[in-house]
Amino acid sequence: MCRSIKTLRPPQLAEEATEEEIRAAALQYVRKVSGFRAPAAHNREAFERAVDAVAAATAELLGTLEVRGRPATG
C-alpha cells in the first residue's frame, strides 16, 4: 500500500526506531488511508487521533516482535 513508509524494525535500523520515526510512519499511513495530506479543520481531531492510535499500535508491535532469534525488548 505505502511503499515509501520506512521499515522500522531491525535489521533495517541499526538501533531501535525512535518515537519520531514511528509517528512519521503513522502519519504517512493515515494520510494514505484517508486520502488527505492535511485534513480540513473539521477532520483534524479525528485525523490526529488516528495518527496517535496507529503510532501506539506500531510501538507495541515493534516492542513485542522477535527478529531472527532476538528476544522482544518490550
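In this predicted model, E19 is found in helix α1. Is E19 buried or exposed? With a relative accessible area of 71%, E19 is over the 50% cut-off, so the residue counts as exposed. Along the chain, E19 and A56 are 37 residues apart, yet in space their C-alpha atoms are separated by 9.6 Å.

Next comes the helix that holds E19, namely α1. A quick check on its length works out nicely: α1 has 16 residues, and at 1.5 Å a residue these should span 22 Å. The C-alpha atoms at the ends of α1 are 22 Å apart, so the expected span and the model agree. Which residues of α1 are buried? They are I22, A25, A26 and V30. Looking down the axis of α1, these buried residues fall within an arc of 135°, which means that they line one face of the helix. As for what they touch, the buried residues of α1 pack against α2. Just after α1, the chain reaches G35, and here phi is positive, at about 85°.

Stepping back to the whole chain, the tally of elements is short: there are 2 helices and 0 strands. The protein chain has 74 residues, and buried ones make up 23% of them. Contacts across the sequence can be sorted too. Taking those between residues at least 6 apart in sequence, 54% join residues that are at least 24 apart.

That leaves the empty space. Rolling a probe the size of a water molecule over the atoms shows where such space is left. Here, the largest pocket has a volume of about 210 Å³. Its lining is made up of 13 residues, and the closest to the pocket centre are I5, K6, L8, A25 and T58. One of these, A25, has already turned up among the buried residues of α1. Which elements give two or more residues to the lining of the largest pocket? They are α1, running over 19-34, and α2, running over 44-64. Of the elements, α2 gives the most, with 4 residues in the lining. So what kinds of residue line the largest pocket? By the usual sorting of side chains, the lining divides into 9 nonpolar, 2 polar and 2 charged residues.

Put together, the two themes meet at the helices: the buried residues of α1 pack against α2, and α1 and α2 each give two or more residues to the lining of the largest pocket.

How values were computed:
Residues are numbered from 1 along each chain as its sequence is written. This is a predicted model: local features need pLDDT of at least 70, side-chain atom pairs count only at pLDDT 80 or more; totals for chains, interfaces and linings use all residues. Side-chain values use heavy atoms; hydrogens and water are left out. On a 1 Å grid over the protein atoms alone, a cavity is a set of points where a 1.4 Å probe fits but cannot get out, and a pocket is an open set with protein on both sides within 12 Å along at least five of seven lines; lining residues have an atom within 4 Å of a point. Grid points are joined across faces, edges and corners, and a volume is the space filled by probe spheres set on the points. Ala, Val, Leu, Ile, Met, Phe, Trp, Tyr, Cys and Pro count as nonpolar, Asp, Glu, Lys and Arg as charged, and the others, Gly among them, as polar. Buried means under 20% relative accessible area, exposed over 50%, partly exposed in between (1.4 Å probe, protein chains only). The expected span of a helix is 1.5 Å times one less than its number of residues. The arc is that of the directions from the helix axis to the C-beta atoms. Contact means heavy atoms within 4.5 Å.
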